[in-house]
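User: I am new to this structure. Could you teach me to read its sheet and its cavity?

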Amino acid sequence: MNWIIVYSVVLILLIIGLLWLWNHNRKLMQALQDFQKQNAEVYEKAKFLELENISSKLNPHLFKNILNSIQSHAYQTYYAIDKMSGVLDYILYESQKNRVTPKDELYFTQQLIEVNKIKLSPLFELSVKTKIDTEDSFYNKPVIPPLITVDLIENAFKHADIQSSDSFINIVLECRNAYFKITVSNKISSQPKLLKENSGIGLQNLEKRLKLIYGNNYKLNIGIDGDSYVAQLKIDFKDATA
C-alpha cells in the first residue's frame with residue numbers, strides 16, 4: 001500500500017512539474033513573439049524614418065537643379081514653367097506617398113526631361129525612347145517609390161559634355177514583363193570636374209532607398225563604357241512583391 005501512495009505522490013508531482021514547465025514555456029514563447037513583434041515594429045519605424053530623412057534631402061536638391069535650368073535660359077521661361085508645373089505637382093503631392101504607379105513615375109520622368117532640355121542647344125543629340133506595355137499588370141499599381149529616376153536623369157544633364165559637337169544623352173524608359181528599367185548614358189565631359197563637398201550624395205541616397213525598399217530585388221549598375229557614362233536601374237516587381 002505504501003508504494004502505491006509513494007507512486008501516486010511522485011506521479012502527482014511529476015504532473016505538476018510538467019504543467020509548470022508547459023506554462024513556463026508558453027509564457028516564454030509568448031514573450032518571444034511579443035519581442036519579435038516589437039522588434040519588427042521598431043525596424044519598420046526606423047526604416048520609415050530613414051526613408052523620410054532621405055526624401056527630405058532629395059526634394060530641395062531637385063528644386064535647385066530645376067531653378068538653375070530655368071535661370072540659365074530665361075527666354076524659354078514660359079515653356080519651362082509650363083512643364084515645371086507638372087514636375088512641382090508631382091513633388092508636392094505624389095512624393096509624400098510611399099509608392100506610386102510606374103505610369104505616374106514615367107510621366108514625371110518625361111516632364112523632368114523636358115525641363116532639363118532647356119539647357120541644351122537645339123542641335124544637341126538627345127534621344128528618349130520608351131518601351132512601355134500599358135497592359136502590364138504592374139503598370140497601374142503603386143509598386144515603385146516616387147522620384148526614383150531623378151538622380152539618373154539629373155546626373156546625365158549635369159555631367160554631359162554639352163559643348164562638344166559629338167556629345168549626346170540617351171535615355172531609355174521601360175515598363176513591361178513585370179519590370180521597370182531606366183537606362184541613361186551620356187558622353188563624358190572633357191572639361192575638368194569641380195568636385196563639390198556633397199558630390200555624389202544623390203546616388204548614395206538612391207542606393208539607400210533601393211536597399212531599404214527592395215532589399216536585393218533590384219539592380220543598379222553605374223560605370224564607364226569608353227567615353228560614355230552609363231547608369232541603369234532595373235526593378236523586378238515579381239521578386240520585389242513576392
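**Reading the sheet and the cavity**

Analyst: Start with a caution: this is a predicted model. Now the cavity lining. Its residues divide into 7 nonpolar, 2 polar and no charged.

User: How many cavities of 30 Å³ or more does a search of the whole structure find?

Analyst: The search finds 1. Its volume is about 50 Å³.

User: Which residues line the largest cavity?

Analyst: The lining is made by Leu-152, Asn-155, Ala-156, Val-184, Asn-186, Leu-203, Ile-222, Tyr-229 and Ala-231. Two or more of the lining residues come from each of α4 (150–159), β3 (179–187) and β5 (228–236). α4 gives the most, with 3 residues.

User: Now the sheet. How do strands pair in general?

Analyst: Strands of a sheet pair through backbone hydrogen bonds, either parallel or antiparallel. Here the pairing is mixed. The sheet is open and has 5 strands, in the order β1-β2-β3-β5-β4.

User: Which strands stand at the edges?

Analyst: β1 (125–132) and β4 do. Each has a single partner strand, so one side of each is left without a neighbour in the sheet. From one strand to the next, the twist averages 5°.

User: Which way do β1 and β2 run, parallel or antiparallel?

Analyst: They run parallel, and 8 bridges join β1 to β2 (residues 168–176). To find one on screen, go to Ile-132: its bridge partner in β2 is Cys-175.

User: What packs on the sheet?

Analyst: Helix α3 (residues 102–116) packs there and touches β1, β2 and β3. The direction of α3 makes about 165° with that of β2. α4 packs on the sheet as well, touching β1, β2, β3 and β5. The direction of α4 makes about 10° with that of β3.

User: How many bridges join β3 to β5?

Analyst: There are 9, and the two strands run antiparallel. Tyr-179 has Asp-236 in β5 as its bridge partner.

User: And what joins β4 to β5?

Analyst: 8 bridges join them, and β4 (residues 218–225) and β5 run antiparallel. One pair to look for is Lys-219 with Lys-234 in β5.

User: How many residues lie between β4 and β5?

Analyst: The two strands form a hairpin with 2 residues between them. Look at Gly-226 in the turn, which has a positive phi of about 65°.

User: One last general point: where do the side chains of a regular strand go?

Analyst: They alternate between the two faces of the sheet. Back to the cavity with that in mind: β3 and β5 each give two or more residues to the lining.

Note on methods:
Residues are numbered from 1 along each chain as its sequence is written. This is a predicted model: local features need pLDDT of at least 70, side-chain atom pairs count only at pLDDT 80 or more; totals for chains, interfaces and linings use all residues. Side-chain values use heavy atoms; hydrogens and water are left out. On a 1 Å grid over the protein atoms alone, a cavity is a set of points where a 1.4 Å probe fits but cannot get out, and a pocket is an open set with protein on both sides within 12 Å along at least five of seven lines; lining residues have an atom within 4 Å of a point. Grid points are joined across faces, edges and corners, and a volume is the space filled by probe spheres set on the points. Helices (H or I, at least four residues) and strands (E, at least two) are DSSP runs, numbered from the N terminus. Ala, Val, Leu, Ile, Met, Phe, Trp, Tyr, Cys and Pro count as nonpolar, Asp, Glu, Lys and Arg as charged, and the others, Gly among them, as polar. Two strands pair if DSSP finds at least two bridges between them. Axes are lines fitted to C-alpha atoms, for helices over the stretch in contact, and angles run from 0 to 180 degrees between N-to-C directions. Contact means heavy atoms within 4.5 Å.
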